[in-house]
Amino acid sequence: MSDSVVTSEISAPYAQALLSLAKAENLSDRFGEDATSILGLLKDSPDLDQFLASPIISLDAKKAVLQQVLGDQVHSHVRNFLLLIVDHRRIAFLSGILKQYQALLRELNQTALAEVSSAVPLNETQQQTVRDRVVALTGARQVDLETTLDPDLIGGVIIKVGSQIIDASLRGQLRRISLRLGSAT
């Protein structure tokens, strides 16, 4: 089994449990915001991610660091959930659990995730254009954008929604022209 399958099998029940708690308390969106901020924290601080995942660090030390770093920034239920997964020795899967939670929340809210790669940062108007195009394509009520910069694109964007890819990049257009010219000879 691949690592991603194992991570998914471990993460899914915890994410589902967190969503069940969130729905029972009518805090689904708040927990989603907390998940986003924690994922951002882990992305910005690889040292914290490694510390939490380390099997040689004591559970009490991990709990203390989580409480110190998060403080009152996250809902008490989310903080208690994090302490619970430390106790269950699943904190190494925190990113996977939170990403799975976000996926479940998007499904609940009928929100599509659009992964957008562009050569330069998109302004608000361009982001709204992408959202409108994805709504038209998927029929979703809302669209979450996950943007990354790819200087190799030269210009334009590549939008990935689920398994669909819309290549509106200059590189993609040049590739299509090249293929047409190659097949014309």
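Let me begin with a definition: a residue is called buried when its relative accessible area is under 20%, exposed when that area is over 50%, and partly exposed in between. Keep those two limits in mind, please, because S95 has a relative accessible area of 21% and is therefore partly exposed. I should also say at once that what we have in front of us is a predicted model.

Let me turn to the chain as a whole. Its secondary structure comes to 8 helices and 4 strands, and if you read along the sequence you meet them in the pattern α-α-α-α-α-α-β-α-β-β-β-α. Taken along the principal axes, the box that the C-alpha atoms fill is roughly 70 × 35 × 35 Å. There are 185 residues in the chain, and 35% of them are buried. If we consider the contacts with a separation of 6 or more, then 67% of these join residues that stand 24 or more positions apart. As for the surface, the accessible area of the chain comes to about 11,100 Å², and carbon and sulfur atoms hold 52% of it. The chain carries 18 positive and 21 negative charges, and the mean positions of these two sets are 5 Å apart.

Now, the spaces in the structure. The largest pocket has a volume of about 770 Å³, and its lining is made up of 25 residues, with T36, L39, Q102, R106 and E146 lying nearest the centre. Which elements each supply at least two residues of that lining? They are the helices α2, at residues 28-44, and α6, at residues 94-108, together with the strands β1, at 111-118, and β2, at 142-149. Of the contributors, α2 gives the most, with 8 residues.

One of the residues nearest the centre of the pocket, Q102, deserves a moment of its own. Q102 is found in helix α6, and if we leave out residues up to four places away in sequence, Q102 touches G32, A35, T36 and L39. Is Q102 buried or exposed? With a relative accessible area of 17%, which is under the 20% limit, Q102 counts as buried.

Besides the pocket, the structure holds 1 cavity of 30 Å³ or more. The volume of the largest cavity is about 40 Å³, and the residues that line it are I38, L41, L42, L48, L52, L66, V69 and L70. Two or more of these lining residues come from each of α2, α3, at 46-53, and α4, at 59-70.

Let us come back to S95, with which I opened. S95 lies in helix α6, and, leaving aside neighbours within four places in sequence, S95 is in contact with L39, L42 and D49. You may like to find L39 and L42 again on your screens, since L39 is among the residues nearest the centre of the largest pocket and L42 is one of those lining the largest cavity. S95 and V116 are 21 residues apart along the chain, and their C-alpha atoms are separated by 20 Å.

Set beside that the pair V134 and A114, which are 20 residues apart in sequence and 7.4 Å apart in space, C-alpha to C-alpha. V134 has its place in helix α7, at residues 124-138. Because its relative accessible area is 0%, V134 is buried. Apart from neighbours within four places in sequence, the contacts of V134 are A112, A114, G139, V143, I159 and V161.

My last topic is the backbone. Most residues other than glycine have a negative phi. Where, then, is N26 found? N26 sits in the loop between α1, at residues 3-24, and α2, and although N26 is not a glycine, its phi is positive, at about 55 degrees. With a relative accessible area of 69%, N26 is exposed. Q110, in the loop between α6 and β1, likewise is not a glycine and has a positive phi of about 55 degrees. Here, however, the relative accessibility is 46%, so Q110 counts as partly exposed.

Technical notes. Residues are numbered from 1 along each chain as its sequence is written. This is a predicted model: local features need pLDDT of at least 70, side-chain atom pairs count only at pLDDT 80 or more; totals for chains, interfaces and linings use all residues. Side-chain values use heavy atoms; hydrogens and water are left out. Buried means under 20% relative accessible area, exposed over 50%, partly exposed in between (1.4 Å probe, protein chains only). Contact means heavy atoms within 4.5 Å. Accessible areas come from the Shrake-Rupley method with a 1.4 Å probe; for residues, only the protein chains shown count as cover. Lys and Arg count as positive and Asp and Glu as negative; His and the chain ends are not counted. The place of a charge is taken as NZ of Lys, CZ of Arg, CG of Asp or CD of Glu. On a 1 Å grid over the protein atoms alone, a cavity is a set of points where a 1.4 Å probe fits but cannot get out, and a pocket is an open set with protein on both sides within 12 Å along at least five of seven lines; lining residues have an atom within 4 Å of a point. Grid points are joined across faces, edges and corners, and a volume is the space filled by probe spheres set on the points.
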